[in-house]
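Please open the model in the viewer and keep the selection tool at hand. The tour below proceeds by selection, one site after another.

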Amino acid sequence: MRVYIWLLAFVSLGIAVGSCHSGSDEALTDPLIKEGQRLARQHCSTCHLAVSPDALDKETWVKHVLPAMAPMLGLEAYEGGLYYAGPKAAITYSDWQKIVAYFSTLAPPRLKPARPVVSAENDWAIFSLEKPPLDTTQTAETTLVKWDTIGHQLYSGDGLRRDLTRWDRNLHQTMRKQLNSPAVNATFFRDDKGNERGAFTCLGTLVAADISKGELIDLALSEKQPTDSSLIYSSLPRPLQSIATDINKDGLTDWLVCGFGHMAGGLYWLKQETNHRFTKLPIREVAGAIQATAGDFNADGWPDFMVLFAHADEGIWLFLNDKKGGFTERNLLRFPPVYGSTSFQLVDFNKDGKLDILYTCGDNSDYSQVLKPYHGVYVYINQGNLQFKKTYFYPINGCVKAMAADFDLDGDMDIISISFFADFQHNAAEGCLYFEHKELMQFQPYTLPVSDYGRWICMDVGDWDQDGDQDIILGNFSKGFINQTDLKPRWDTHLPLLVLKNRTRH
């Protein structure tokens, strides 16, 4: 009903919705459509990078995205689905109609799928499959897989049971600990007595809501110790990652926390005080902080951070330590909100001594749950002075993570990727791809045949079997968040994880 009334409003303004093709110069000669374009750039760009109408199909704009955006500008709905400008509205209803007309008129009927330049081969490449014994009494909602490089153990977290599991080399469980909420990230270290411990970031809630129940906890992991635990910090806004570093160089370990949140969140410094308690200090209070990397990016001896923000105002920001308890902020890359940024990694692909950016986008769980041709794996080459140029793109529907390593030990960096929102109806194999680096920035992709074993949401890389090459661990979140109509899981819903064992060194 809401969409029908909107369409009547367009007709009353003299607009024949859908009469022009996407990107048509003819449509922009219409003064009303041209004004809608100007208004969209004025109002929508205050919160995020402008989105072109052809980034989504017409139905998705009209039925889903624009109705969700109207309240962001202060428009309020009343009976029948029409909107009116409330007392705090940033726009009149008449101008809002022009914005809707602009997107609806120029959007295509459907998005055309992207075609990769190099076709993927369906092959195990250099990998073989290892999996734990199947327990059909458990449903897998794996939120964490992490290789412990100190204790040479594998850890996983489950969102349904909210527990932490340790696995041995035969993929048998050796420990299980109940947590307050799902673990999503881990850091391993030794305490002052030489015992191994783990700091685990716990999300708080899987629900997309502003519920700040996330925690950073410290667990004893040594076989000689009881599994004691302590709370580092609580009441965090759906945190996804925590990095240990001495930010102010006072000799005390601090933490940088990516609080993804929902409508509210941010990047936070947990500053350790002399009494060993922590004070939470905001660095950038914007929802969507999803991943960070620490480094001395200006070579001044102080820790800096590169951070990926998703959700709305998407992009990669650099935070340079000002040595005074603050940071200088610089945007390096920016993406429109329909990208759904999911991960990044700093990698020197071309061996010039400068760190390049491996980036993925593909979060497809918000308002525009359609397959998007711009989702996938990107490489941005460092041009110097922290300027980056897009050099490589491979389309993957719903890509959620990519990691680079020299898997085949030939001296260059290869890539492994996973997709949680793959096109499971027509191309389930894109759920996990291996990219062999052939020539400079030329990759041969392989679709690894693991789509029957799970739906991959998390991944880690490490030498699992201690033979000198890098193996891959995949985590299966088997239920929920399915966008494609009438899609039933064709994958194993019980297997929590699997290992892709690298056979380069037998």
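Is C202 buried or exposed? Select C202 in this predicted model: with a relative accessible area of 1%, C202 is buried.

**Cysteines**

Keep C202 displayed and add C458, which holds the closest cysteine sulfur. The two sulfur atoms are 14 Å apart, too far for a bond. Next, select C432 together with C399. Here the closest cysteine sulfur to that of C432 belongs to C399, at 10 Å, and this separation is likewise too far for a bond. C432 is buried, its relative accessible area being 1%. A disulfide is a covalent bond between the sulfur atoms of two cysteines. The structure holds zero disulfides.

**A buried arginine**

Move to R238, in the loop that joins β12 (229-236) to β13 (239-245). Which side chain of opposite charge is nearest to R238? Selecting D210 gives the answer: D210 is 6.8 Å away, and R238, although buried, has no salt bridge. Now display backbone oxygens around the R238 side chain. The backbone oxygen of V207 is reached by this side chain at 3.2 Å. A polar atom of the R238 side chain also lies 2.8 Å from the backbone oxygen of G261.

**Salt bridges**

The structure holds 14 salt bridges; three pairs are visited here, beginning with E59 and K63.

- Select E59 and K63: their side chains meet in a salt bridge, 3.1 Å from N to O. Both belong to helix α3, and because they are four residues apart there, about one helical turn separates them. E59 is partly exposed at 45% relative accessibility, and K63 is partly exposed at 43%.
- Select D163 and R176, whose side chains form a salt bridge of 3.3 Å, N to O. D163 lies in strand β7 (residues 163-167) and R176 in strand β8 (residues 173-178), so the pair ties together parts that are 13 residues apart in sequence. D163 is buried, with a relative accessible area of 2%, whereas R176 is partly exposed at 39%. Adding D158 and R161 to the selection shows a network of salt bridges that links D158, R161, D163 and R176.
- Select R197 and D228, a salt bridge in which the closest N and O atoms are 3.3 Å apart. This pair links distant parts of the chain, 31 residues apart: R197 is in strand β10 (residues 196-202), and D228 is in the loop between β11 (214-220) and β12. R197 is buried at a relative accessible area of 10%, while D228 is partly exposed at 36%.

**Backbone torsions**

Most residues other than glycine have a negative phi. Select L409, which is not a glycine yet has a positive phi of about 60°. L409 sits in the loop between β25 (399-405) and β26 (414-419) and is partly exposed, with 36% relative accessibility. Then select Q466: this residue, also not a glycine, has a positive phi of about 55°. Its place is the loop between β29 (456-462) and β30 (471-476), and its relative accessible area of 40% counts as partly exposed.

**A nonpolar surface patch**

Which residues form a nonpolar patch on the surface? Switch to a surface display and select M72, M263 and Y367, which form this patch with about 320 Å² of accessible area together. M72 is found in the loop between α3 (58-69) and β1 (75-77), and M72 is partly exposed, with a relative accessible area of 45%.

Technical notes: Residues are numbered from 1 along each chain as its sequence is written. This is a predicted model: local features need pLDDT of at least 70, side-chain atom pairs count only at pLDDT 80 or more; totals for chains, interfaces and linings use all residues. Side-chain values use heavy atoms; hydrogens and water are left out. Patches are made of residues with over 30% relative accessible area and no salt bridge: like charges are joined within 9 Å, nonpolar side chains (Val, Leu, Ile, Met, Phe, Trp, Tyr) within 5 Å. Accessible areas come from the Shrake-Rupley method with a 1.4 Å probe; for residues, only the protein chains shown count as cover. A salt bridge is a side-chain nitrogen of Lys or Arg within 4 Å of a carboxyl oxygen of Asp or Glu. Helices (H or I, at least four residues) and strands (E, at least two) are DSSP runs, numbered from the N terminus. Buried means under 20% relative accessible area, exposed over 50%, partly exposed in between (1.4 Å probe, protein chains only). A disulfide is a pair of cysteine sulfur atoms within 2.5 Å. Lys and Arg count as positive and Asp and Glu as negative; His and the chain ends are not counted. A polar contact is a pair of N or O atoms within 3.5 Å; within protein, one must be able to donate a hydrogen and the other to accept it, and residues adjacent in sequence count only if both atoms are side-chain atoms.
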